[in-house]
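Could you walk me through a run of neighbouring strands here? I'd like to know how they pair and where their side chains point.

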Amino acid sequence: MIVLAGCSDDGPVGFWQIDEVKAGEVVMTQEDAESVGMATIGSIKLQKSGNCVVVLLGEESEGTWEQDEDGTITVKYGTGDVLSGSFDEDGNLHLEDDQETEYTLSK
């Protein structure tokens with residue numbers, strides 16, 4: 001597993017809070033979620049075992065994750081859903097699904 005700058009000693013392993021979701025021109029932030037009574041947009045827990053738990057808008061799914069040699073993170077969960085992306089220089093995780101919805105996460 002690659003440890004990237006800005007990540008903790010566990011690299012990508014840990015609890016990642018979704019801070020923002022962007023679908024086309026529509027953006028939802030954590031503050032937006034709270035303003036409509038939602039506790040959170042969602043989260044992803046990446047476990048050392050390669051398993052993960054993805055929570056999106058209250059729906060929880062289990063899955064697996066891996067990190068390629070180039071640093072790309074791939075999360076597979078639910079019934080064939082896939083998120084893929086990488087870290088920015090600040091240690092935030094940026095993932096995108098097959099419908100081009102973008103997720104920004106922080107530890």
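## From β5 to β6

Strand β5 (residues 59-67) pairs with β6 in the antiparallel sense over five bridges. Strands here are DSSP runs (E, at least two residues), numbered from the N terminus, and two strands pair if DSSP finds at least two bridges between them. This is a predicted model, in which local features need pLDDT of at least 70, side-chain atom pairs count only at pLDDT 80 or more, and totals for chains, interfaces and linings use all residues. Residues are numbered from 1 along each chain as its sequence is written, and side-chain values use heavy atoms, leaving out hydrogens and water.

Gln-67 has Ile-73 in β6 as its bridge partner. Five residues lie between the two strands of this hairpin, and Gly-71 in the turn has a positive phi of about 95 degrees.

## β6 and its other neighbour

Four of the five residues of β6 (residues 73-77) are buried, so this strand is largely enclosed by the rest of the structure. Buried means under 20% relative accessible area, with a 1.4 Å probe and protein chains only.

β6 also runs antiparallel to β7, joined by five bridges. Tyr-77 is matched with Asp-81 in β7. With three residues between these strands, the hairpin has Gly-78 at a positive phi near 60 degrees.

## On to β8

β7 (residues 81-87) and β8 are antiparallel too, with five bridges, and Ser-84 partners Glu-96.

Along β8 (residues 93-97), Leu-93, Leu-95 and Asp-97 point to one face and are buried, while His-94 and Glu-96 point to the other and are not.

Terms used: Buried < 20%, exposed > 50% of the residue type's maximum accessible area, 1.4 Å probe, protein only.
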